[in-house]
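Ready for some practice in reading a protein model? Take a pencil, open the viewer and try each task before you look at its solution.

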Amino acid sequence: MTTIMVSTMIALLLLGFPMMIPLITAAAIGFYMMFNGLGQMDTLIQQMMAGIRPASLIAVPMFILAADIMTRGQSANRLIAMVMAFIGHIKGGLAVSTAASCTLFGAVSGSTQATVVAVGSPLRPKMLKAGYSDSFTLALIINASDIAFLIPPSIGMIIYGVISGTSIGELFIAGIGPGLLILLMFSAYCVAYAVIKDVPTEAKSTWRERLSAVQQALWPLGFPVIIVGGIYGGVFSPTEAAAACVLYAVLLEFVVFRSLKMSDIYAVAKSTGLITAVVFILVAVGNGFSWIISFAQIPQALLEAVGINEAGPTGVLIAICISFFVACMFVDPIVVILVLTPIFAPAVASTGLDPVLVGILITLQVAIGSATPPFGCDIFTAIAIFKRPYWDVIRGTPPFVFMLILAAALLIMFPQIALFLRDLAFAD
């Protein structure tokens, strides 16, 4: 049965069907083979509906809406200007500013693709003018945007938390350490690249200009305060923090900055609705597929066949990293989380691994795969936004992928990189 389901999925994917069709078709085939027909198909439909029933998923469209409002408004540009004012003048400062801006915008959006658009659009022309190669610039933008998947809020963490039953608040806090570690690694590489290539530096901002930039960015900096501070302080649940972010974004862009008008609401709502519909359809069909493979005990059989259960905690973590990384090179990240998380759940439980650490590693691998050839989704976002050919976009990615893999290895060896803040924030 497993062979038939997997073969069906691969065949439909190669034929160009959207991901939800291979998933639901494979699930229906599995259901037919287990129950000798489709007479009780309502059971599968119930499982699909159960996948989008958890209240925590309300946070997903909320964060998407907040990110869309900020991308169309002034928040992203103000954050970028503040970062540039402080570090734009150092060797490699413009590239470091790009990575730091991706981190900051990730802290208010939770979406890698929104970060590619919001940060890449204004900073890529500046980097090219400063003397950075286009391949380096594009690779930096799409890989630094991966930090948005780790810095809270993270849509990937929300999906993983719902599927695995792990605290989304703990996942959010635990993602801060790894996100900052990757920013540090990327920044060091940017400085080294600028020194080797002798890239000219930007003009140094005066302290008056820096103070003005900080004042301009104070309002947008309220987003991470609401998300992290609200959850850490027990004021908000992650879902309530998402709703607060939407309200804050509306007040900021429509009332304070006046960068958007009432006529823009339709375009924002339409964009958010389309993205949310795609996400929720994938979640529903993914949950149905996961239920089928779990009911048939396929995960247990697969893990037993490859001997993962006897590999110990470190072996399980390495297997998880490799599986999620490779899968996201070909398939949408949300689908990978939905399908693979239940497969590894028995091994995670049997080895006593911290589900928060597992969630951070999964989120990191999903982020890496999203920017890795051949089919990482951020690659095609960059192609569409910057109008560059595929090879130009991926040519500079290997050093960044290596650093991201190194970050995953450090997380496996030193789990406290992720768990220290979680333990501090949620200590009894």
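Below are six exercises, each with a worked solution.

This is a predicted model, in which local features need pLDDT of at least 70 and side-chain atom pairs count only at pLDDT 80 or more, while totals for chains, interfaces and linings use all residues. Residues are numbered from 1 along each chain as its sequence is written, and side-chain values use heavy atoms, with hydrogens and water left out.

**Exercise 1. A pair of helices**

Task: Describe how helix H17 and helix H19 pack, and say which classes of residue make the contact.

Solution:
- Step 1. Find the helices: H17 covers residues 312-328 and H19 covers residues 355-370. Helices here are DSSP runs of H or I with at least four residues, numbered from the N terminus.
- Step 2. Compare the axes, which are lines fitted to C-alpha atoms over the stretch in contact, with angles from 0 to 180 degrees between N-to-C directions. The axes of H17 and H19 come within 7 Å and cross at roughly 30 degrees.
- Step 3. Name the arrangement. H17 is therefore roughly parallel to H19, a label for angles under 35 degrees (over 145 is roughly antiparallel, 65 to 115 roughly perpendicular, and the rest oblique).
- Step 4. Give the hand. H17 passes H19 in a right-handed crossing, meaning that the near helix is turned clockwise from the far one by less than a right angle (anticlockwise would be left-handed).
- Step 5. Look at the contact, meaning heavy atoms within 4.5 Å. Among the residues that make it are Leu317, Ile320 and Phe324 of H17 and Leu361, Ile362 and Gln365 of H19.
- Step 6. Sort by class: the contact of H17 with H19 has twelve nonpolar, three polar and no charged residues. Ala, Val, Leu, Ile, Met, Phe, Trp, Tyr, Cys and Pro count as nonpolar, Asp, Glu, Lys and Arg as charged, and the others, Gly among them, as polar.

**Exercise 2. Now another pair**

Task: Repeat the analysis for helix H15 and helix H18.

Solution:
- Step 1. H15 spans residues 265-295 and H18 spans residues 333-351; their axes are 9 Å apart, at an angle of about 20 degrees.
- Step 2. That angle makes H15 roughly parallel to H18, and the crossing of H15 and H18 is right-handed.
- Step 3. The contact includes Val279, Leu282 and Phe289 from H15, with Leu338, Val339 and Pro342 from H18.
- Step 4. By class, the contact of H15 with H18 divides into eleven nonpolar, three polar and no charged residues.

**Exercise 3. Cysteines**

Task: How many disulfides are there, and is cysteine 102 buried or exposed?

Solution:
- Step 1. Apply the rule that a disulfide is a pair of cysteine sulfur atoms within 2.5 Å. The count comes to zero disulfides.
- Step 2. For cysteine 102, the nearest cysteine sulfur is that of cysteine 190, 10 Å away.
- Step 3. Cysteine 102 is buried, with a relative accessible area of 0%. Buried means under 20% relative accessible area, exposed over 50%, and partly exposed in between (1.4 Å probe, protein chains only).

**Exercise 4. An enclosed helix**

Task: Why is helix H8 described as largely enclosed?

Solution:
- Step 1. H8 runs over residues 134-144, and its buried residues include Asp134, Phe136 and Asn143.
- Step 2. Eleven of the eleven residues of H8 are buried, so H8 is largely enclosed by the rest of the structure.

**Exercise 5. Backbone details**

Task: Which peptide bond is cis, and what is phi for aspartate 198 and arginine 258?

Solution:
- Step 1. The bond from proline 152 to proline 153 is cis, with omega near 5 degrees; proline 153 sits in the loop between H8 and H9.
- Step 2. Aspartate 198 has a positive phi near 55 degrees. This residue is in the loop between H11 and H12 and counts as exposed at 56% relative accessibility.
- Step 3. Arginine 258 also has a positive phi, about 55 degrees, although it is not a glycine. Arginine 258 lies in the loop between H14 and H15 and is exposed at 70% relative accessibility.

**Exercise 6. Contacts of one residue**

Task: Where is threonine 166, and which residues does it touch?

Solution:
- Step 1. Threonine 166 is in the loop between H9 and H10.
- Step 2. Threonine 166 is buried, at 8% relative accessible area.
- Step 3. Not counting residues up to four places away in sequence, threonine 166 touches Tyr160, Gly161, Leu171, Pro355 and Val356.

Conventions: Helix = DSSP H or I, 4+ residues; strand = E, 2+ residues; numbered from the N terminus.
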